[in-house]
Amino acid sequence: MASGGIARGRLAEERKSWRKNHPHGFVAKPETLPDGTVNLMGWKCVIPGKQSTDWEGGYFPLTLEFNDNYPSNPPMCKFPPGFFHVNVYNTGEVCLSIVGSAWKPSISVKQVLVGIQELLDDPNPESAAQGVCYDLYKKNMPEYKNRVRQQAKKYPSRV
C-alpha cells in the first residue's frame, strides 16, 4: 500500500465507526481543506467537560494529528496553546500515557478522546507538563479549581 494508505484506511474506518456511535457532547471529524477535500490525517475535535466537575460547561477544542505510521504511532493531541492543565504543555500538546508510552495500535479515536476527558478532572501530577499548573494543583487547590472554572467559561458550547 502507498505511504499513508494503511493510516488513511484505518482513519476512514474510525470516522465511519464514530459517526455510528460516539459519546454525547463529543465532536471528532476530519478537517476540510480550503478546496473542499477532506484531510483524514488531521481531525478537529471537541471534548466536553464532565458534569459535576470544575470542567463542566466547557467544550474544549482539540486537534488530532496523525502521521503516515498510524496506527503503529499515536496521534499528536493538542489543545490550544496556553491551555491550563497539569498534563498539557504550553504548546497545547497533551501528556497522556495512552498517546505516548502506553500506545497500542488497537486504541481508537474514541478511546483517546474519552481518556483525555478523564485526564481533565483527574490529572497525573507525577507527569506534569506545566510548572504553574502543577504548583497550584499541589499548593493552592482552590485557586487551581478557580482557574479551571474560568477556562471552562472561555470555551462555552457552540450550539
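Here is a walk through two helices, one strand residue and a few cysteines. Keep in mind that this is a predicted model.

Let's begin with helix H1, which covers residues 5–20. From its first C-alpha to its last, this 16-residue helix reaches 23 Å, close to the 22 Å expected at 1.5 Å a residue. Which residues of H1 are buried? They are Gly 5, Ala 7, Leu 11, Glu 14, Arg 15 and Trp 18. Now look at what lies over them: the cover includes strand S1 (27–32), strand S2 and helix H2 (109–121).

Strand S2, part of that cover, runs over residues 38–48 and holds Asn 39. Zoom in on Asn 39 and you'll find that a polar atom of its side chain lies 3.0 Å from the backbone nitrogen of Met 41. Asn 39 also touches Pro 30, Glu 31 and Leu 33, if you leave out residues up to four places away in sequence.

Next, jump along the chain to helix H4, residues 141–154. H4 has 14 residues and reaches 20 Å between its first and last C-alpha, close to the 20 Å expected at 1.5 Å a residue. Its buried residues are Tyr 144, Val 148, Gln 151 and Ala 152. Why do these sit on the same side of H4? Around the axis they cover an arc of only 105 degrees, which puts them on one and the same side of the helix. Strand S3 (59–65) and helix H3 (131–139) are among the elements that cover these buried residues. Turn to the face of H4 that points away from the buried side, and you meet the exposed residues Pro 142, Lys 153 and Lys 154.

Finally, the cysteines. A disulfide is a covalent bond between the sulfur atoms of two cysteines. How many disulfides does a search of the whole structure find? It finds zero. Take Cys 95: the closest cysteine sulfur belongs to Cys 77 and is 11 Å away, so the two are too far apart for a bond; a disulfide needs the sulfur atoms within 2.5 Å. Cys 133 is in no disulfide either, with the nearest cysteine sulfur, that of Cys 95, 13 Å away. Are Cys 95 and Cys 133 buried or exposed? Cys 95 has 19% relative accessibility, so it counts as buried, because the cut-off for buried is under 20%. Cys 133, at 0% relative accessibility, counts as buried too.

Definitions and conventions. Residues are numbered from 1 along each chain as its sequence is written. This is a predicted model: local features need pLDDT of at least 70, side-chain atom pairs count only at pLDDT 80 or more; totals for chains, interfaces and linings use all residues. Side-chain values use heavy atoms; hydrogens and water are left out. Helices (H or I, at least four residues) and strands (E, at least two) are DSSP runs, numbered from the N terminus. The expected span of a helix is 1.5 Å times one less than its number of residues. Buried means under 20% relative accessible area, exposed over 50%, partly exposed in between (1.4 Å probe, protein chains only). The arc is that of the directions from the helix axis to the C-beta atoms. Contact means heavy atoms within 4.5 Å. A polar contact is a pair of N or O atoms within 3.5 Å; within protein, one must be able to donate a hydrogen and the other to accept it, and residues adjacent in sequence count only if both atoms are side-chain atoms.
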